[in-house]
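This report looks at how helices pack within a chain and between chains, and then at two unusual backbone angles. Please keep the sequence and the model in view while reading.

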Amino acid sequence: MALPKVPPLSPARPDEILRPARPWFIVLTLMLALFGNLLPFSGASLALRPDFLALVLLYWCIQEPRFVGVGIAWCVGLVMDVGDATLFGQHALAYAVLAYAAEYFRRRVLRFPLWQQALQVALLLALCAGLVILVRVVGGAPLPRWTYAVPPLSGALLWPVITVVLQWPQRPARSAAEL
Amino acid sequence: MRHIAADPPAFFHRGPSPLARLAFFGLISIALLFLDTRYRYLENIRHVAATVLYPLQRAAQLPGEALGWVGSYFVSQRVLSEDNATLRRQLVEQGVAVQALPTTQQENARLKALLDIRGRVGAAATAVEVLYSGRDAFTHKLFVDRGSDAGLTAGEAVIDAEGVVGQVTRVFPYMAEVTLITDKDQAVPVRVERSGVRSVLFGAGAGRTPELRFMAPNADIRIGDRLVTSGIDGTFPQGLAVAQVTTLERDTGQMFARITARPVAGVDRSRHLLVLGRAAALPPRPEEPAEAETAKKPGRGKARRG
């Protein structure tokens, strides 16, 4: 009896054709990322923790720009504003800009191997964080500590993992070479 | 990593362009930010949304709590007996003070009656537990597990066993937000316990100790002085320990002395806190133009800002 063939848990090869993602899967992963952001981290672990929601959002904006775009990113950001009890519109604005930048750069980002994608993701996440700082400092808040620069970097380190996990259900069971 | 369905050519209608969408949502965000910072119009919406999000928030606590249970199950006998011994010793030490308390209270009541001073109302207190610390890097906040269900209201003082921790700033149905005294926008009216000098302790933000501002260089204050709440704001009951003076720079060339004070309470450590109800009802304020009043009370006005 043959088990259904499952693709390996590794990055898709450049020649591999991914199936379109199912909408419920996108929603589920966004919910899980929100859950990850709401976990009660504190102290050093909080300083290290990447913004899971921004990462997953970025992945879908790059891979499925017709499902997830500026509008959805904005709504998700608003939910995050409530969850973190920050200013209304702070995450929303940052995520909307992130989604736009992802839409703008997606073709370029996808051309590179994963670790080089991660470098570009670090820049995109840093843009997002910089925007939040700008908004808050204009609103009268003090500058955050230097540890505020860590989450974009840890997020970029997590990018290959996120990519492998999120593209796994979209990978065909049998590769083109075996057909 | 290409898709089977390639992107349609640009002349196929796909709604407004991404840039137009960004401009639209960006403008809404900026409007929301403006309304929230300047006018705080959106508190009702925030309450509703926070209530909807509450189950997910609560579920996110579960992994940590489960770890805590497992951890507490494996606490060693030695740690427990050490704790027990410490607590017993504290009990005996505090027992002395408690025995003397009724006499002191009676004496105090008599003296107050003699002097015709308004008594402090024994305000109701609610014990709360910290759910999680705020994730916003720009503010110092805590979230506790009781909210309007336990009758908390915004503005109440929050203390732990050692002293003042902060102030309730937002109340949701099942939780409340506490702004810590180290937050940049938080101010606590204090009195130097030794000399009685009044001042206001301002939080300084991330990683810095709170400071006493606007103190003349010759003010009667020394390193190591304890600061207690003065109670003149009607929010914090008087006499609660707040901080201890750690650095003091008197530069006669400057207008004011630079004084920083470290909070005595475990502001970022304590798990079990006490929310104190409002202190004695203050006499009504004299009629004043609204502007003059806000200008006179920077501490209270700022403390409400988030």
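Is the crossing of H6(A) and H7(A) left-handed or right-handed? In this predicted model, the crossing of these two helices of chain A is right-handed. The axes of H6(A) and of H7(A), the helix of residues 150-167, come within 8 Å and cross at roughly 140°, and H6(A) and H7(A) are therefore oblique to each other. On the side of H6(A), the residues that make the contact include A:Leu114, A:Trp115, A:Leu125 and A:Ala129, while H7(A) brings, among others, A:Pro151, A:Leu157, A:Trp159 and A:Thr163. Sorted by class, the residues of this contact comprise 16 nonpolar, three polar and no charged.

**Chain A as a whole**

Chain A contains seven helices and one strand, and along the sequence these elements follow the pattern β-α-α-α-α-α-α-α. The radius of gyration of chain A is 17 Å, close to the 16 Å that the globule rule gives for 179 residues, so chain A is as compact as a globular protein of that length. Along its principal axes, the C-alpha trace of chain A spans about 65 × 30 × 30 Å. Of the 179 residues in chain A, 42% are buried. Among the contacts in chain A with a separation of 6 or more, 72% link residues that are 24 or more positions apart.

**Where chain A meets chain B**

The contact between the chains takes 43 residues from chain A and 41 residues from chain B. Strand S1 (17-18) and the helices H1 (23-38), H4 (70-84), H5 (90-110) and H6 (114-138) of chain A each supply at least two residues of the side that touches chain B, and H5(A) gives the most, with eight residues. By class, this side of chain A has 29 nonpolar, eight polar and six charged residues.

One helix pair across this contact can be followed in detail. H5(A) packs against H1(B), the helix of residues 18-39, at an angle of about 165°, with the two axes 8 Å apart, and that angle makes H5(A) roughly antiparallel to H1(B). H5(A) passes H1(B) in a left-handed crossing. The residues that meet include A:Leu93, A:Val97 and A:Tyr100 in H5(A), and B:Leu22, B:Phe25 and B:Ile30 in H1(B). The residues of this contact divide into ten nonpolar, three polar and one charged.

**Two positive phi angles**

Most residues other than glycine have a negative phi. The table lists two residues that have a positive value instead.

| Residue | Phi | Place |
|---|---|---|
| A:Ala85 | about 55° | loop between H4 and H5 of chain A |
| B:Phe214 | near 55° | loop between strand S9 (211-212) and strand S10 (226-229) of chain B |

Which of these residues is buried, and which is exposed? A residue is buried if 20 or more other C-beta atoms lie within 10 Å of its own, and exposed if 12 or fewer do. A:Ala85 has 21 C-beta neighbours inside 10 Å and therefore counts as buried, whereas B:Phe214 has 12 other C-beta atoms within 10 Å and so is exposed.

How values were computed: Residues are numbered from 1 along each chain as its sequence is written. Chains are lettered from A and ligands numbered from 1 in the order in which they are written. This is a predicted model: local features need pLDDT of at least 70, side-chain atom pairs count only at pLDDT 80 or more; totals for chains, interfaces and linings use all residues. Two residues are in contact if their C-beta atoms, placed from the backbone, lie within 7 Å. Helices (H or I, at least four residues) and strands (E, at least two) are DSSP runs, numbered from the N terminus. Ala, Val, Leu, Ile, Met, Phe, Trp, Tyr, Cys and Pro count as nonpolar, Asp, Glu, Lys and Arg as charged, and the others, Gly among them, as polar. Axes are lines fitted to C-alpha atoms, for helices over the stretch in contact, and angles run from 0 to 180 degrees between N-to-C directions. Angles under 35 degrees count as roughly parallel, over 145 as roughly antiparallel, 65 to 115 as roughly perpendicular and the rest as oblique. A crossing is left-handed if the near helix is turned anticlockwise from the far one by less than a right angle, and right-handed if clockwise. The radius of gyration is taken over C-alpha atoms; the globule rule is 2.2 Å times the number of residues to the power 0.38.
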